[in-house]
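Reader: I am a first-year student and would be grateful for a close look at one part of this structure. Please explain how its strands are arranged and what surrounds them.

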Amino acid sequence: MSVQSAAADVDVDLRQLFASLARNWLRILVVALVITGLAFALTWLATPHYRAETRLLIETRESVYTRPDGTNDNDKPILDEEGVTSQVEVISSTDILKQVAQKLNLSRLPEFDETADMPVSSRLLVIAGLKSDPNEIPPEERVLTKMREKLNVYRVEKSRVIVIEFSSEDPRLAAEIPNAVADAYISVQGNANIESNSAATDWLAPEIADLSKRVKDAEAKVASYRAQSDLLMGGNNSVLATQQLSELSSELSRVRANRASAEATADSVRRALQNGGSLDAVPEVLSSELIQRLRERQVELKTNIADLSTSLLDNHPRIRALKSQLADLDRQIRNEAEKIMKGLMTQAQTAQARENQLVGDVNTLKAASARAGDQQVELDALQREATAQRQLLESYLTRYREASSRKDSNYLPVDARVFSRAVAPSEPYFPKILPITGAAFVGSLLLMAIVTLLQELFSGRAMRPAAGTRFERIEQVAMPVAREPSNHEPADIDYVADRAAETPAEPEADAAAPATAPATGEDVEPARATLGEVEIDKAVEKLITSGAARAIFVSPEGDEAAASAVLVAREVSDAGLRVLLLDLTASGAASRPMLDSGLFAGITNLLASEAQFSDVIHPDLYSDCHVIPVGTADPVRAMRAADRLPIIMQSLTTAYDLVVVECGPADAQGISRLVGEGTEVFLSLLEPDDEVAQAAVELIESGYPDLTLVTPVGHETPGTPIPGRRSAA
């Protein structure tokens with residue numbers, strides 16, 4: 001059965017629909033057999049066609065023994081995917097097909113040239129102007145057109161294999177033509193290589209002659225410039241002036257060092273003589289042999305004085321004589337030191353003169369080296385030009401010799417080879433009598449079955465009335481007489497016995513009753529008593545005008561009264577606000593009619609941390625409202641996290657304009673976690689009775705004085721079920 005809304009009046013009877021196939025089986029079978037017979041006759045009389053294929057492999061055919069020196073397989077590029085595809089176009093080119101057609105003389109065959117044996121029917125069509133005259137087309141073009149219709153050249157995916165496929169009425173031609181196309185392609189490629197090689201040799205010969213002359217001129221310029229500039233080469237392949245400058249610079253540094261050393265030594269000796277200091281700290285003084293002998297004599301005299309001082313006084317003539325000799329030795333040592341100082345000064349002056357001479361020579365060589373450097377730059381440029389010309393000449397000579405040798409020996413391998421030649425097929429590929437006949441039988445059976453089903457469906461015989469939605473009559477409930485409220489009963493609930501409008505009767509009863517009911521008390525249904533409740537439209541208007549963010553619905557009568565929350569949510573959503581209905585009933589009475597199922601994840605899954613907001617919010621099937629159902633998690637586990645309800649409500653009110661909560665038969669304590677800023681509390685009722693009144697009193701006494709009673713009875717929403725006395729939306 002198909003799923004349809006309650007407003008639908010007809011449905012498809014599948015049993016009656018498919019029973020039509022059994023009633024018309026003979027007609028279906030006869031038509032299928034006729035079509036199968038026609039297909040068999042057409043395939044039997046059709047001209048057989050044969051197909052054969054030749055396979056080419058694109059690869060490098062150069063042998064390692066014939067490859068030019070200095071090259072390898074990596075130097076030659078292998079054709080990529082685009083290159084192989086280009087070769088496919090070359091194979092199917094007009095030039096190659098013309099060669100094959102001329103070689104096999106295909107223009108004489110009626111299969112390739114219709115004018116060779118045109119049937120009478122075709123001639124009549126041409127005369128009548130219903131068909132173009134093939135004689136107006138050149139014969140060569142007619143043959144090429146037929147060849148292209150029968151030829152298929154393609155590349156095997158992810159390979160360098162090219163397949164040449166040809167179909168013909170003659171199995172011999174089906175094999176000969178692809179082989180001839182492959183041979184023609186190999187020949188064309190070989191001729192192209194020969195032409196390329198000949199063009200290379202023809203171009204290289206005059207280039208080599210011109211290069212030889214240019215190399216000779218460049219080398220002559222180098223030699224002439226070298227002779228004019230007097231650029232003599234020294235050691236290390238450098239200019240002689242530069243080499244001499246380097247040597248003089250080294251000598252100048254050495255002379256300056258010697259001069260500085262002599263001046264420093266002479267200065268130290270001078271300071272020692274002037275200050276009366278010891279000369280033993282000056283190495284040049286100590287290295288003098290005379291001073292060394294004087295120092296030895298001085299030590300000997302000091303030793304004698306020390307020995308005699310033990311037995312003689314200081315004024316003894318002998319001691320005085322020794323001290324006189326000792327003083328004389330000191331004067332001799334100082335005189336000798338002065339001579340050494342003068343010698344060092346003379347040495348420093350000589351070094352200074354040598355230094356001055358070297359500085360002049362270095363300056364002269366610097367100028368000469370600068371000129372030589374400029375000339376060397378020009379010479380290097382001439383040498384580079386000559387070297388480049390010579391290298392190019394040698395490269396051209398090598399290539400010319402290789403090209404000439406290949407041209408003389410006629411060895412130019414083609415980068416393709418035939419590795420699978422076509423053979424004459426023994427069986428045609430068309431027509432395949434058995435598969436075509438079987439497919440015709442199955443297809444005709446299926447087509448006739450579909451036609452039969454459509455005929456049965458459009459005739460109306462497969463349609464039946466759909467089961468309509470029935471509603472029970474709303475019974476009148478006896479209400480107590482209005483009385484003054486007591487001290488413990490608030491005056492916000494009106495106990496009145498106002499009579500409501502009559503409730504429409506059952507559809508069946510309406511059909512049987514007369515158009516105008518008699519004005520007797522027995523035929524008029526008593527009006528339903530009220531507790532001052534409002535209808536759905538008034539509740540919706542109150543929510544929209546007050547700008548409420550939350551609407552808490554309490555249903556003391558149980559799941560049947562949950563229709564109020566559903567209808568209010570849908571009406572507010574239809575007004576253009578973003579609305580979400582949160583179902584907190586135990587049975588899912590509010591969300592099940594909106595989702596047509598109770599197996600969706602919902603508030604229990606969210607409280608049990610088994611799902612997120614995006615997983616538990618679902619769209620209403622009949623409006624733009626969103627729904628959070630009860631869910632499928634364990635209720636006991638979910639209620640352990642009931643303290644999270646205020647946080648969840650705050651998040652929902654932030655995302656939606658209005659959050660409608662159906663709490664079922666809850667009390668004031670049960671809805672305390674759901675109440676927040678901008679909350680309207682509603683009590684949904686179907687039958688005003690003492691139970692409903694007691695629930696309203698308890699809510700008012702618990703701190704909800706603005707309680708509003710709302711009833712879904714009598715409200716109709718197009719496209720959705722209408723609540724009855726004991727049914728939810």
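**A sheet and its surroundings**

Author: Strand β9 and strand β10 (residues 626-628) are joined by two bridges and pair in the antiparallel sense. Within this pair, His 618 has Val 627 in β10 as its bridge partner. The model in which these features appear is a predicted one.

The two strands belong to an open sheet of seven strands, whose order is β9-β10-β8-β11-β7-β12-β13 and whose pairing is mixed. At the edges stand β9 (618-619) and β13 (708-710), each of which pairs on one side only. Helix α20 (residues 645-655) packs on this sheet and touches β7 (550-554), β8 (579-583), β10 and β11 (658-662). The direction of α20 makes about 140° with that of β11.

One residue may be followed from a helix to its contacts. Ser 564 lies in helix α15 (residues 563-574). Its relative accessibility is 0%, and because buried means under 20% relative accessible area, Ser 564 counts as buried. Leaving aside residues up to four places away in sequence, Ser 564 touches Ile 536, Phe 553, Ser 684, Val 710, Thr 711 and Pro 712.

A second sheet may be set beside this description. It is an open sheet of four strands in the order β3-β4-β2-β5, and its pairing is antiparallel. Its edges are formed by β3 (151-155) and β5 (417-420); each has a single partner strand, so one side of each is left without a neighbour in the sheet. From one strand to the next, the twist averages 30°. Strand β2 (residues 50-57) is joined to β5 by three bridges, and these two strands run antiparallel. Here Leu 57 stands opposite Arg 417 in β5. Helix α3 (residues 81-91) lies across β2, β3 and β4 (161-168), and runs at about 165° to β3.

Finally, the surface deserves attention. Trp 25, Leu 26, Leu 29, Val 30, Leu 33, Val 34 and Leu 38 make a nonpolar surface patch of about 670 Å². One of these residues, Val 30, is placed in helix α2 (residues 25-45). Val 30 has a relative accessible area of 43% and is therefore partly exposed, whereas Ser 564 is buried at 0%.

Technical notes:
Residues numbered from 1 in each chain as written. Predicted model: local features only at pLDDT ≥ 70, side-chain atom pairs only at ≥ 80, totals over all residues. Heavy atoms only, no water. Patch = residues over 30% accessible without salt bridge, like charges linked within 9 Å, V, L, I, M, F, W, Y side chains within 5 Å. Areas by Shrake-Rupley, 256 points an atom, 1.4 Å probe, with all protein chains shown as cover. Salt bridge = Lys/Arg side-chain N within 4 Å of Asp/Glu carboxyl O. Buried < 20%, exposed > 50% of the residue type's maximum accessible area, 1.4 Å probe, protein only. Contact = heavy atoms within 4.5 Å. Pairing = 2+ DSSP bridges. Axes fitted to C-alpha atoms, helices over the stretch in contact; angles between N-to-C directions.
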